[in-house]
Amino acid sequence: MEPKEVSTTSTQPCTKPVVYSVSGSVVVAEHATGVAQYEVVHIGPHRLLGEVTQLSNDRATIHVFGDTSRLRPGDAVELTGKPLSVELGPGLLGQTFNSLQQPIEYNTDTQTVFWPQQQQHQPPAALDKTVEWFFEPQHDLQVGSRIGPGDIYGQVVENTLLVHRIMLPPDATGGTVTWLAPHGDYTLNHDVLEVEYRGRRTKYKMYHTWPVRKPRPVAETRLGSDVPLLTGIRSVDTFCPPALGGSATMPAGTGAGKSVVYWALTANANVDVVVNVWIGEQSTNLAAHLIEAPELAFKIGDHQDLLIKKMVVVANSADMPLAAREASVYTGITVAEYWRDMGYHVALTADDTSRWAEALTELSCRAGMLPGDRGYAVDLKSRLNGFYQRAGYVQCLGSKQRFGSLSIISTVSPPLSDYERDPVVAATIENVGAFIALDSRLSQTRHFPQVNWMLSHSKHSSTLEAFYDGHIRSSDEFVRCCKVAKQILTEEHELKPDIGKAGLDSLSQADQATLQVAKMLREDFLRQNIFTPYDRHCPLYKTAALLRNFVLYHELVQDALQQHGQSSSSHKHGTRTGAGGGSGSGSGGQKNSKESRTAAVPPLTFQDIQSALSAELYELVCMKFQDPADGEAAMLDVYSNLARKLRRSMDDLLEPFWASK
């Protein structure tokens, strides 16, 4: 028997939930006594998808992932009894989804990106169930073996970069294997495993679903990580390195160049999988990605491969509903956790969380909640805390020990670049381990990437020293050189007011030398051109060798000026004059002869050092042009030879001063 249409004017009691009010993407349903929190529902005659976010008595607040302009009070609300979930299995890599995991493709005929409105209530499947994958069962698993949640029971080759490990879902009960599919081609609709537990048999396919708002469980989380998340960007790897399994944020205003840093991280980070979450992205940028992404390449080892093979993109444009923007973060991090559970290192990039916070704020206001700090949602801080807490270096669930990591890198766009008072930035800094400040003013001086070395910092610097010990020659020198370089740049910043008042000539010789080294650090070390093969990606060994030589030159110059410079020589000369002055009586013959030889050597100046070491200075500023394709050993030999030249030339310059003593 067909159910009767619900009418708001009927005097009969209504037992099914219906629409009570509509406000943008927020719908309030009444008679919702059987609705659960975060349950997915279908609303209206077009069965728009929505998610229950708040319950109060018999009313439910629903965030709708679609156009609500045709909804009206009294429309039926159909319950599904399921939370918002994603499909996890072979076929994820290389795909672009929206927050509902609907595939987004660029239609070259109509030049459109999104699915037509009339198809939104019947979206295509997230994973193609018709594609056949060659399934290889786990070699040590057979009938009668015990299997538990998180255990791997097979694998398929996802692409030339990664092997997709098929795992028993974390919420499965496990049991005894009664059947395991042999080697062969199977679609995602085929069963490949059967497990018996207490007389009940359960069949499993090569994919499963998981709620996006529920973190995937692990055996042990928050393991200490002493491995840096290497980016290939010298300014980041030197002054503010994130940890593998940690989190970092990049506050950036308009024109700060975060897209350049964003894609450099995607291509060069030492991770296996990258999940990009675009929140409120411009439609033109999304279309450009869909056109250009299949052609982007990155270098892995001695060969190049397509970047899209290790990427999953979850995108929501600015013209999509706010509820979709809010859910995209959870969809992306659930996909990232799935790859982490296989034992891979995963990076999730969220661009940007300010637009996510704006969506949360507007949805909260439409739901009748009071605003919080500076008008943002009251639960903004707790939402950000929950998001960043899902990062970590973990021991994966399963009987066999394996480790994986999930690193989160987010961007924040504070209004007017107000880093100090923006609630989103403040709440983000409390949760992240690395702060990568991007400064749009650097682009005006043609400095790229625009990482502000004065504001950027990392909480992981001390814990990463163990990694440097095993991967860098003279690792203790690298840590020390990072601190010295930061001090040089800080001194330059402090000397700028004096230069503006009295000019460069008013500074001491040592300060002038410091300014020269600071300029070389800015222009020849921190500045990178990602469009060149030698600077596109800077390996850690090259970064360390470059920095070591700059610091070596700085220390040689400072030591020379301190011992033989103007202030030291003037002090010694005055002492000698006082001792040799007077009536000239006593044993003054030998003293006068020694003083005349000393006076013949004028005090050392910074200009003398520049002139004597001009050839070495040219080689110093040209160090970065060495191509990593030449090999680590060849590059380090070049840099070591330059270090020996610097020491030898400085010794030749100071030899007359030593002889005079």
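**Entry 1: contacts and overall make-up**

I began with contacts in the protein chain. Among those with a separation of 6 or more, 71% join residues 24 or more positions apart. I note here that this is a predicted model.

Next I looked up the secondary structure. The protein chain has 17 helices and 27 strands. I then checked burial: 52% of the 661 residues are buried. For the surface, I found about 30,700 Å² exposed by the protein chain. Carbon and sulfur atoms supply 51% of that area.

**Entry 2: confidence**

I wanted to know how far to trust the coordinates. The average pLDDT of the protein chain is 86. I see a score of at least 70 for 89% of the residues.

Two stretches got a separate look. Residues 1-12 stay under 50 in pLDDT. For them the model has six contacts beyond four places in sequence. Residues 593-598 also have a pLDDT below 50. I found four contacts for this stretch beyond near neighbours in sequence.

**Entry 3: nonpolar cores**

I turned to the interior. In soluble globular proteins, nonpolar side chains tend to be buried together. Which residues touch the most other members of the largest nonpolar core? I found F135, Y153, W339 and L348, in a core of 73 residues. Helix α4, residues 322-341, gives the most to this core. Its share is 10 residues.

I followed W339 further. I left aside its neighbours within four places in sequence. W339 is then in contact with L92, L93, E158, L162, H164, V273, Y344 and V346.

Another core lies apart from that one. I logged 55 residues for it, including L521, V557, L604 and L636.

**Entry 4: a six-stranded sheet**

I traced one open sheet of six strands. Its order is β1-β2-β5-β4-β3-β6, and the pairing is antiparallel. Which strands are at the edge? They are β1 (18-23) and β6 (77-83), and each pairs on one side only. I also looked up the angle between neighbouring strands of this sheet. On average they are turned by 35 degrees against each other, direction ignored.

Last, I went to the β3 and β6 pair. Strand β3 covers residues 39-43. How many bridges join β3 to β6? I count four, and the two strands run antiparallel. For a landmark I picked V41: its bridge partner in β6 is L79.

Conventions:
Residues numbered from 1 in each chain as written. Predicted model: local features only at pLDDT ≥ 70, side-chain atom pairs only at ≥ 80, totals over all residues. Heavy atoms only, no water. Buried < 20%, exposed > 50% of the residue type's maximum accessible area, 1.4 Å probe, protein only. Contact = heavy atoms within 4.5 Å. Areas by Shrake-Rupley, 256 points an atom, 1.4 Å probe, with all protein chains shown as cover. Core = buried A, V, L, I, M, F, W, Y, C linked by side-chain atoms within 4.5 Å. Pairing = 2+ DSSP bridges. Axes fitted to C-alpha atoms, helices over the stretch in contact; angles between N-to-C directions. pLDDT = per-residue confidence, 0-100.
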